[in-house]
Amino acid sequence: MSGTKRYSDVTKPLSPGPSSIQNLDLSEVFLPTQNHRSVEKKPGRKRRLWIGLGLVLTATGLSLLTGLLVWNFHLRSNVTVKRLYVGSLGISDRTFVKEYEDSSSQEFRTLADQVSQQLKLIYSKNSVLAKYFRSSSVQMFSEGDDSAGVVAYYQSEFQLPVPQQKHVDEAIGSVEELSRHERLLLRPVEPLRVRSVTSGALDSRLSKSSLSEREPINVQVQTGGEISSPGFPDTPYPANMYQQWRLRAEPGHRIQLNFHTLILEDDCQQDFIKIYDSLAPIEPRALTEQCGYPHESLSFLSSGHVMLLMLVTNEEKNFPGFRAAYSQIPISKGEGCGGRLTADKGSVSSPFYPSNYPPQSWCEWNIEVSKEKFVKVQFETFFVGNESKNCVGDYVMVNEEKLCGRTLKKTVFTVQSNQMTIRFVSDASIVDQGFSATYEAFVPSDPCPGRFQCSNNICINSTLHCDGWNDCGDDSDEVNCNCEASQMKCKNDHCKPKIWQCDGVDDCGDKTDEEKCAGSCADGEFSCRNGRCISENLKCNQHDDCGDGSDESKCAKSLLLRCSDFTFRCSDGRCISKLNPECDGEPDCEDGSDESNCQCGMPPFRSSRIVGGQTAREGEWPWQVSLHFDRSKHTCGASVLNNRWLLTAAHCVQDDRHIRYSQASLWQAFLGLHTQGLTNEWTVTRNIQQIIAHPNYNKVSFDNDLALMKLDSDVSLNQHIWPICLPSSTYDFPAGQEAWITGWGTTQEGGELAKSLQKAQVRIINSTVCRGLMQDQITDGMLCAGVLKGGVDACQGDSGGPLAVTNPSGRVFQAGVVSWGEGCALRNKAGVYTRVTKFCDWIKQQTGV
Ligand code: 4AZ
């Protein structure tokens, strides 16, 4: 099989050539100038001469421009370009023989010839295609999906005028339809029974003349294995190249391709991978395109027994590349997709969830619950195709309602009957992660037995009703409440815990909980971070009225300011007023230093026990580390700072009377781990070479509870092992902000360690409020977070792990290190964390991170 050729958009200038600009007849365009002059007032002689000269020049310019436009139009409409279309043609009345794999065999050439003639005949049925078609060549054959038949992969060349490109693309698109109706096309030579034809224009980025195409790599998938980009993991991938991996499984199977690592340049115009549900890069069969460091599920499935992976790189900035594992899965009839469900409660999800669903899937679940009940379904996650009016492409159908897009406005759907049909359909291209949902039967008179029903039909625990939190998502659990003694009533009738009053966070939503506070600013005033009050009108006026830049920190434009504790310092030493400018996707410093060093904090998956938490998804927290002591069990958590350094708590590495916790050689770090005791291909274990506990760690107060661990050798970063971003010392984590804690700590005080990594959401708590809650034990180096109504917290064994906050551009920063607390998850108690921003300089000094 020969590889695909280079695809130059060869331009063929017909007439006129560029020299004809000079040949344009300019004489008549001078006329208006002369006419014009005759109606003018009489200026002086010299002035007249200048005006005349000016007019002549203007007219010449105009005529040249007109000439150019005419020439350009004329030329463009006559220039023809070569356009290549890649396609596949299924033949049902041939049986695949080994010789078809050898392009020099007689059998290959005979069938290739027949296919080319067949294509010519197909194109001849369409006037547009017939006019511009030049030739076809067959690149390879594969066996048909169900072992019967043969699939030919070909390339057809068309020579067409530029303006016709769109029409030809459309006509090519219609070939699929055309061939569907006319099965026996070839006459007078031996006819081929054509089962299907699919084709599309070649991706234009493959036409760059600088690209060097490598020999395609053929991969037999049967026994499973791994593929990786050239040079991985030791050197970056080569520049300017185009490599194909052609994966083939046994007929009757599909291929699963799981990326362990995928790190390319951010710009898909430069470097990218593309996966096709075919052996050739046929655009209507493209499943995905990826570049940068993707955050989505990187597990892909084909519909049949072939798949193509393509890597294209350009000359600059080469990154590590990828490593992916492949395997084959038998295609069975049911495949766990669809069926009859008769239980009163259950769950459904798209095929292979949380992997991306395969193309051309069709599943139908028929739910039938007890006669006197109705059914409701709640979607937990929903990533199904693009949102469009009629959901063309991939969709979910709940009874007659079609759903598509990448989150739903409504998540609960109810039917007033005991039957519900859920259908999932995916088309032939571009796949996504799919959906997961739970369904439940309910008695019509009591839709949420024992629970509270929100206006959006979600049922929540009754204890969450009127607790100050918007648990329904539409606030319906927080309206019309009778406030308890421990709560205050906001003007908008919401009840909020009294301890949230005057904590600097607008908990009510109408600021009533922040009014009439000692030292608070009056109405119409802005409260600066340094405590000053200034008029609201002075905000964002390009002047530092607060004196700490905070009145200019959330404005469209950032100011260059005198440096203070609240201003970000660029590498060039200058300070800017924008709050948290680092890694927010916008260069703010003149030297761009706020956006350098930003290859951190991107979790690979979009996220939809610790106490009160839930099991994390595998790979969701790639910076989370499990520290094992004395080769026994999990003892503390830590976070990945780079390929050599971890951050943990100093109290984890303090000797006690019997045990030398400070001895590096007794510790082991597990990176990329999800379940304790279950290491897999993603997990990396390292011994610890060095431990640096903070020199001012205070055993009594837990002040400065921070330590660094150096691994005994570098780890290679990948989708399962990735550093979290360290904030600069001026980074602001305001009270009320949502944060995540993760770890394998006990799921209740004095309980058992968790087996799988747990995650839980907490909120940053104002330090003044926290001092009140924690008997004044909170120092400037500590940060409080938690859920004051109780039930959610870090606990024993979570120590050393990160308190993580996502910035608006999706990067995750480490706000704290799990340090201490009074018990775990108690009501009106906070979890206490080491405040990372206080220790940036120390960390940098010790590790260079
Ligand atoms: C611990 O012992 C621990 N509730 C960590 C955090 C908290 C309590 C205990 C916070 O590692």
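Here a biologist and a modeller chat about a predicted model of a protein chain with a ligand.

Biologist: Which residue offers a side-chain N or O atom to a nitrogen atom of the ligand, and at what distance?

Modeller: Start with the shell, which includes Asp 793, Ala 794, Trp 820 and Gly 823. Ala 794 and Gly 823 each put a backbone N or O atom by a ligand nitrogen, at 2.8 Å and 3.1 Å. The side-chain partner of a ligand nitrogen is Asp 793, at 2.7 Å.

Biologist: How much of the ligand's accessible area does the protein cover?

Modeller: On its own, the ligand has 300 Å² of accessible area. With the protein in place, the share covered is 85%.

Biologist: And how do the shell residues divide into nonpolar, polar and charged?

Modeller: Val 818 and Cys 824 are among the residues around the ligand, and so is Asp 793. Sorted by type, the shell comes to 5 nonpolar, 5 polar and 1 charged.

Biologist: Zooming out, what share of the protein chain's residues count as buried?

Modeller: The cut-off for buried is under 20% relative accessible area. The chain has 849 residues, with 7 helices and 45 strands. By that cut-off, the buried share is 51%.

Biologist: Which strand gives the largest share of the largest nonpolar core?

Modeller: Nonpolar side chains tend to be buried together in soluble globular proteins. The largest such core here has 55 residues, and Phe 259 and Phe 379 have the most contacts inside it. Domain 2 (206-330) and domain 3 (339-447) each supply at least three residues. The largest share, 5 residues, comes from residues 253-263, strand β9.

Note on methods: Residues numbered from 1 in each chain as written. Predicted model: local features only at pLDDT ≥ 70, side-chain atom pairs only at ≥ 80, totals over all residues. Heavy atoms only, no water. Near = heavy atom within 4 Å. Polar contact = N/O pair within 3.5 Å; in protein donor to acceptor, adjacent residues only side chain to side chain. Areas by Shrake-Rupley, 256 points an atom, 1.4 Å probe, with all protein chains shown as cover. Helix = DSSP H or I, 4+ residues; strand = E, 2+ residues; numbered from the N terminus. Buried < 20%, exposed > 50% of the residue type's maximum accessible area, 1.4 Å probe, protein only. Core = buried A, V, L, I, M, F, W, Y, C linked by side-chain atoms within 4.5 Å. Domains from an automatic or database assignment.
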